[in-house]
Amino acid sequence: MNKWFNQLFQLDSNGTTVKREVMAGAIGFFTIVYIIAVNSLILSEAGIPLEAAIFATIITSVVGCLIMGFWANVPILLVPGMGINALFSYTMVQSMGLSWQEALAVVFISGLIFVFVAFSRFAKTLSESIPHSLKEAITVGLGLFLMLIGLEKGGIVEKGTNSIIAMGELGDPQVLATILTFLLAIILFMRNVPGNFLITVVAGTLIAWAFGLINVQSTEEKPFALSDYMEVFGSMSFDNLLSVTFWIAIFSLTMVLVFENIGLVHGHVGFINRPEQFKRAFQATSVSALLSGIFGTSPTVATVESAASMAAGGRTGLTAVTTGFLFMLSAFFIPVIKLIPNSAIAPILIIIGGLMLQNIRNLDLKDMSESFPAIFIIAMIPFTYSIADGIAIGFILYPILKISIGKAREVSFALYVIAALFLFNFVFHVIS
């Protein structure tokens, strides 16, 4: 069996083992499993039945991870993206007035465009048009964003009334549990203990239970029925296909999908030193996004939390496949999975974010026309709480600064077009 896995996923050539890949996949699963509850609740805000949204989230995650694992052979986890799900429910449905069935059709058509880009020469053109400084900045910005999410999940910082971020109460049981779990996590990580993140999740859950943060009785919930999901599967509506609103939604979603995933996929394959896998990983991401509309959820993305699997030693698609199968099994254990507290996950996100921040050393801080747009991306991704908005601001600023110092020729034509499209998108949302 090990020989078969080695041949299929090229384990030896990537310096890894079946045990390490499976362990990394389990870590990735426990790090990202919160998406089942969170994404489902956000989709329900658009009118999709909660039970159906849960099944849609699980099935989409299973298929996305399997496509990534078998097609691209990299440890990138594809699940419905945070931020994009908010765009789906709160912008396209609640603000723009589309029904959730029409919004799923928008996801499908955006996915088709994404697939066309990913499987054509446009993917290479777009990737090469993005300056190295901006690519590195996206990775650093994602790291800072991940640290912020971890600190918030642990209650260490929170959104204040008079400031963007405020310190949480140090006497709060959740904060104390997070701090204790973080100390354990960082010690295990620094000592390179095998399975350190998985140990952190288990120990962190026990610590939270000792602080009274876990209610075991909450596992007693109504079982889900597959019939609930069939009301959503393939329920796309193209009745509004010729309307301006419908195509504006397609444009906005496509821009976010393509450029957010260029940044995410580039950051991930760079993190594991396998940049040659960018093309296939990007293609897998596009196909998964396309299928999301059919399965009944907002699009999948190459999630930031994939870095948890990579930090745990994942280097091949076996990691993603493992996570996919665990998502499949999660349909039977949703109540138990929901027992894992934020205080057990937060330290892992903080550590991973810190690892990604180290890419800042690759920036050329002496050239302000290169470093300033990069710094804006790094700052604006966490401050706006939006990967897409942070990327857009940096992409718009870069050509403006190059033109201002007489270096307009250093900017590719494709980047001028991208910047113009992002600017148009910003102007439209301000006007509307």
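Is E410 buried, partly exposed or exposed? With a relative accessible area of 47%, E410 is partly exposed; the residue appears again in the third of the close-up views described below, which are drawn from a predicted model.

**View 1. Helices α5 and α6 pack against each other at an angle of about 115°.** Helix α5 comprises residues 84–95 and helix α6 comprises residues 100–118, and their axes lie 10 Å apart. The two helices are therefore roughly perpendicular to each other, and their crossing is right-handed. On the α5 side, the contact is formed by F88, M92 and V93, which meet W100, A103, L104, V106 and V107 of α6. Classified by residue type, this contact holds eight nonpolar residues, with no polar and no charged ones.

**View 2. Helices α8 and α18 cross at roughly 25°.** The axes of α8 (residues 132–153) and α18 (residues 368–384) come within 8 Å. Angles under 35 degrees count as roughly parallel, and α8 and α18 are therefore roughly parallel to each other. The crossing of α8 past α18 is right-handed. From α8, the residues in contact are S133, L134, A137, I138, V140, G141, L142, L144, F145 and L148; from α18, they are E370, P373, A374, I377, I378, I381 and P382. This contact divides into 14 nonpolar residues, two polar residues and one charged residue.

**View 3. D367, E370, K402 and E410 are linked in a network of salt bridges.** Within this network, E410 and K402 form a salt bridge whose closest N and O atoms are 2.9 Å apart. The side chain of K402 also meets that of D367 in a salt bridge, with an N to O distance of 4.0 Å. The K402 and D367 pair links distant parts of the chain: K402 belongs to helix α19 (residues 387–404), whereas D367 lies in the loop between α17 (342–357) and α18, 35 residues apart. K402 has 0% relative accessibility, so this residue counts as buried. D367, by contrast, is partly exposed, with a relative accessible area of 22%. E370, also a member of the network, is one of the α18 residues that meet α8 in View 2.

**View 4. The side chains of E276 and R274 meet in a salt bridge.** The N to O distance of this pair is 3.9 Å. What is the accessibility of R274? R274 has 5% relative accessibility and therefore counts as buried. Its partner E276 is exposed, with a relative accessible area of 54%. A search of the whole structure finds four salt bridges.

**View 5. N73 adopts a positive phi in a residue other than glycine.** The phi value of N73 is near 55°. N73 is placed in the loop between α4 (50–72) and β1 (78–80). With a relative accessible area of 9%, N73 is buried.

**View 6. N273 has a positive phi although it is not a glycine.** The phi of N273 is about 55°. The loop that holds N273 runs between α12 (244–271) and α13 (278–295). Is N273 buried or exposed? At 64% relative accessibility, N273 counts as exposed, whereas N73 of View 5 is buried.

Terms used. Residues are numbered from 1 along each chain as its sequence is written. This is a predicted model: local features need pLDDT of at least 70, side-chain atom pairs count only at pLDDT 80 or more; totals for chains, interfaces and linings use all residues. Side-chain values use heavy atoms; hydrogens and water are left out. Axes are lines fitted to C-alpha atoms, for helices over the stretch in contact, and angles run from 0 to 180 degrees between N-to-C directions. Helices (H or I, at least four residues) and strands (E, at least two) are DSSP runs, numbered from the N terminus. Angles under 35 degrees count as roughly parallel, over 145 as roughly antiparallel, 65 to 115 as roughly perpendicular and the rest as oblique. A crossing is left-handed if the near helix is turned anticlockwise from the far one by less than a right angle, and right-handed if clockwise. Contact means heavy atoms within 4.5 Å. Ala, Val, Leu, Ile, Met, Phe, Trp, Tyr, Cys and Pro count as nonpolar, Asp, Glu, Lys and Arg as charged, and the others, Gly among them, as polar. Buried means under 20% relative accessible area, exposed over 50%, partly exposed in between (1.4 Å probe, protein chains only).
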